[in-house]
Amino acid sequence: MVQDEVLTVRGLRKRYRGRRGVQANDGIDLDVRAGQVVGLLGHNGAGKTTLVNQVVGLVLPDEGTIVLDGIDAVARPGQARARTSIQAQANVPITGLTPRLAIELVGRLRGGERSAVRARAGELIEALDLSPWADTRAEKVSGGIARLTAFAMTVVQPGRLVVLDEPTNDVDPVRRRLLWQQIRRLADEGAGVLLVTHNVREAERVVDRLAILDHGVVLAADTPAGLTASRQGTLTVELDLLPGATVTWPDGVLARGSSRMREAASVPAEDAAEVVRWAQRQVQQGAIERYSLVPASLEDVYVDLVEAERHDAPAEEVAA
Amino acid sequence: MTAVRQTLLLAQWQFRRQSTFLPLLVVVQVFIAVATVVGYGLLVGDPPPEVALYLATGAPTITLITVGLVMTPQLLAQSKTEGSLDWMRTLPVPRGLFLASDLLVWTVLALPGMVLGVLVGAARFDIELSIAPWLVPATLLVSMTAAAVGYALASVLPPPLANLVTQMLVFVVLLFSPVSYPAERMPTWLQQVHEWAPIEPMAQLVRAGLAQDAFSISGRSLLVLVVWCLVATGAAALALRRRV
């Protein structure tokens, strides 16, 4: 039987002790299947790194189970590591090596055969457009190139589960596209990919499922379409104000926040035409500089979920 | 077989990462070994043959101990600070192999200094050595124990503290240990401390291996050394395996 589930996490809890103990994971459930890219969204301190460290046996959970490719990862961390490859958020220091050498050495450390690893390393260098830097000493390459090298080191000999923590940080827009292609390809070739990121807009196009993590719990997990379903039929209007101007939204428009000289609101799709006419009038009257109308994005859903959680937070802290 | 392969690959990784400083490290090792022989020679003037033999056969131990007890923890402290240790720990490599590969790297680095120290000592004081057949395994035991103690130290202590402690240890090894002079010159209490510490047995073992006609090592000393080796290796392996 083909093991379809690559990672199954249930009821995972971890509290860091110390004077100000932190409940980093507070009952996490998460699934990653073979062939899937699962995005894990969450702001700083949401518990993402703790989750990842428990999967590879660097941190011991207080409670809960982690099954990785049929292995109990809590009881057998060594076997779990053999099935996982990880790109951590911090860059791997490779001073003294060249990107190509680092990629090849890691591939062989992970059990790859020399010539196969060499071929695969060359392929990744080509695919990520790293060739100009591949044989340059690491102390001379930029942050983005180092980040891509770390990615290639992770996937040169990929495990059943590949964990990528913010792989696009520091990477230029052109190579970022190439990187997303490689991430998608990893899953298409059968790995389960857990992608930790802040970059909701770009991840949206690659992930099969998304889990939103906040305060150590998964607030929602679904396909991108499933997560935005509640806001289908809703559009977002964004206004750039002129200095000194204020706006009063027409009826039926729900203000969603404002910052200096910018306003946003959501509009039911059927009223959109009317709102566009209203906004055009505002432009003519000199109240706003320009406006735009966009479909509700995952980013909006993410912010909504986390903000809803924030409002409940004080009560929760009292309870804790 | 996989374990050997992985150890060699890890060693290669460490080696190449240090490649810029490798020549310098070897030079420093050689310098320490030679300085011990020549410098102590200056301190004691023109030493009688027994003292000279003591000095010349103590120098290689100093080299081995400084590498294990000082260089190894400093490298580990550095890899903790720069984050490479955390990354390495995510690799599917048995934890003990990190220790094994570091030991390998540092032992190889210590060798030129050690050999040159012996040669310079023999030439400077015009002494004759009588090498025991078991010198190589004995050297490995000494080097491994020193490195394992250093590794355990750096695993337990936060990096800045580990660096300070190792620097202090250099002085203890150079001046307050019966390596380059006989234990009888030390106060009684310090002699008693050294009966249980690993440094004296290390010196005795290397000395007996280099000049087996003049020196020997007691079964008790050897036992103390082996126990230190086992406990320190175990502690270091445990620290590597620990999950917070």
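What percentage of the 320 residues of chain A count as buried? Keep that in mind as you go. This is a predicted model.

**Stop 1: the whole of chain A.** Select chain A and rotate the view. Its C-alpha trace spans about 70 × 50 × 45 Å along the principal axes. Switch to cartoon. You should find 10 helices and 14 strands. Now the opening question: 39% of the residues in chain A count as buried.

**Stop 2: two domains.** Colour residues 5–228 of chain A, which form domain 1. Use another colour for 233–295, which is domain 2. The centres of these two domains, taken over C-alpha atoms, are 39 Å apart.

**Stop 3: contacts along the chain.** Take the contacts in chain A with a separation of 6 or more. Of these, 69% join residues 24 or more positions apart.

**Stop 4: the largest nonpolar core.** In soluble globular proteins, nonpolar side chains tend to be buried together. Here the largest nonpolar core has 145 residues. Select A:V55, A:A152, A:V193, A:L194 and A:L195, the residues that touch the most other members. Next, show chain B and pick helix α3, residues 49–82. This helix gives the core its largest share, 15 residues.

**Stop 5: zoom in on A:L195.** Which residues does A:L195 touch, leaving out those up to four places away in sequence? Select A:V37, A:V38, A:G39 and A:L40. Then add A:L164, A:I183, A:A203 and A:V207.

**Stop 6: a separate core.** Finish with another core, which lies apart from the largest one and has 7 residues. Select A:L239, A:V267, A:V275 and A:A279, which are among its members.

Conventions. Residues numbered from 1 in each chain as written. Chains lettered and ligands numbered in written order. Predicted model: local features only at pLDDT ≥ 70, side-chain atom pairs only at ≥ 80, totals over all residues. Domains from an automatic or database assignment. Helix = DSSP H or I, 4+ residues; strand = E, 2+ residues; numbered from the N terminus. Buried ≥ 20, exposed ≤ 12 C-beta atoms within 10 Å, placed from the backbone. Contact = placed C-beta atoms within 7 Å. Core = buried A, V, L, I, M, F, W, Y, C linked by C-beta atoms within 7 Å.
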